[in-house]
Amino acid sequence: MCQDPTRRALILTALATGACLASSRSSIAEEDAPGSNERPQKADVLVFAEGDRAGEVIKPQDLKAGGPPVRAWPKDPNTSVIRKGSRLNEVLVVKLDPAELDEDTRSRAAGGVVAYSAICVHTGCPITAWVKAASSDKDVFKCVCHNSEFDPRQSAQVVFGPAPRRLPALPLVADDGPLTVAAAFVGKVGATQSR
């Protein structure tokens, strides 16, 4: 234990500075292309955000029915720029039974495939879990920061926890090809700012 407050402050400052320098070096090394921080645009295609297939275009047949969801980024098909310059652009994509989707959700889905913001609307944490809902036997998105749960079959409505509103939906189409953005996010992406 470090009992000296000055020494402790110096150690914490050094650690924070090191972390900041390390992250700024990696961001400089991976210079984001122009347009990478723009929100998803109509006609963007979705690509895998992680794993062995990171950067590859997602087609409906790439997804397992019933989940789990995959993390994705929108990609401009004309410039090949992946819009990963802002974490607010990351989406969760999951393939569900179209018969289980409510009317609004079905209207934004591509054959049962739905996409929602991967950022929780409560405090801005990433949505990282796919679990049985606290109130039913259906799998739902879960933010483990404060336990908010969202049902992707019902327009990602909050079914448990403190989140103040549903996750923003990203309308999709897939005409015998890749998952394509049909329109901008429906709803405000990210946490609600308190005044």
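Here is a chat about aromatic pairs, strands and cysteines in a predicted model.

Trainee: What makes Tyr116 and Phe141 an edge-to-face pair?

Mentor: Two numbers. Their ring centres are 6.0 Å apart, and a pair needs centres within 6.5 Å. The planes sit at 70°, and over 60 counts as edge-to-face, so that's the label.

Trainee: And what makes the pair of Trp130 and Phe141 tilted?

Mentor: Here the centres are 5.4 Å apart, so the distance passes, and the planes are at 50°. Stacked needs under 30 degrees and edge-to-face needs over 60, so this pair is tilted. The whole structure has 2 aromatic pairs, and Tyr116, Trp130 and Phe141 form one aromatic cluster.

Trainee: Which parts of the chain do these pairs link?

Mentor: Tyr116 is in strand 4 (residues 113-117) and Phe141 in strand 6 (residues 139-143), so that pair ties together parts 25 residues apart in sequence. Trp130, in strand 5 (residues 129-132), is 11 residues from Phe141.

Trainee: How do you know whether Trp130 is buried or exposed?

Mentor: Check its relative accessible area, which is 17%. The cut-off for buried is under 20%, so Trp130 counts as buried. Tyr116 at 1% is buried too, and so is Phe141 at 0%.

Trainee: Why is strand 6 called largely enclosed?

Mentor: Because 5 of its 5 residues are buried. Asp139, Phe141 and Cys143 point one way, while Val140 and Lys142 point the other way.

Trainee: What pairs with strand 6?

Mentor: Strand 5 does, in the antiparallel sense over 4 bridges, with Trp130 standing opposite Phe141. Strand 7 (residues 148-151) is also antiparallel to strand 6, over 3 bridges. Pairing takes at least two bridges, so strands 5 and 6 qualify with 4, and strands 6 and 7 with 3. In strand 7, Ser148 is the bridge partner of Cys143. The hairpin of strands 6 and 7 has 4 residues between them, and Asn147 in that turn has a positive phi of about 70°.

Trainee: Which residues touch the most other members of the largest nonpolar core?

Mentor: Val114, Tyr116, Ile127, Phe141, Phe150 and Leu167, out of 20 residues in that core. Strand 3 (91-95), strand 4 and strand 6 each give two or more residues to the core. Another core, of 17 residues, lies apart from this one and includes Phe48 and Phe185.

Trainee: Now the cysteines. How do you know that Cys125 and Cys145 form a disulfide?

Mentor: Their sulfurs are 2.2 Å apart, and the limit is within 2.5 Å, so a disulfide fits the definition. The search finds 1 disulfide in the whole structure. With -110° about the S-S bond, the link is left-handed. Cys125 is in the loop between strand 4 and strand 5 and Cys145 in the loop between strand 6 and strand 7, so the pair ties together parts 20 residues apart in sequence.

Trainee: Are those two cysteines buried or exposed?

Mentor: Cys125, at 14%, is buried. Cys145 has 39% relative accessibility. Buried is under 20% and exposed is over 50%, so Cys145 counts as partly exposed.

Trainee: Why is there no bond between Cys120 and Cys143?

Mentor: The sulfur of Cys120 is 3.9 Å from that of Cys143, its closest cysteine sulfur, and that's too far for a bond. Cys143 is in no disulfide. Cys120 is buried at 1%, and Cys143 is buried at 2%.

Conventions
Residues numbered from 1 in each chain as written. Predicted model: local features only at pLDDT ≥ 70, side-chain atom pairs only at ≥ 80, totals over all residues. Heavy atoms only, no water. Buried < 20%, exposed > 50% of the residue type's maximum accessible area, 1.4 Å probe, protein only. Core = buried A, V, L, I, M, F, W, Y, C linked by side-chain atoms within 4.5 Å.
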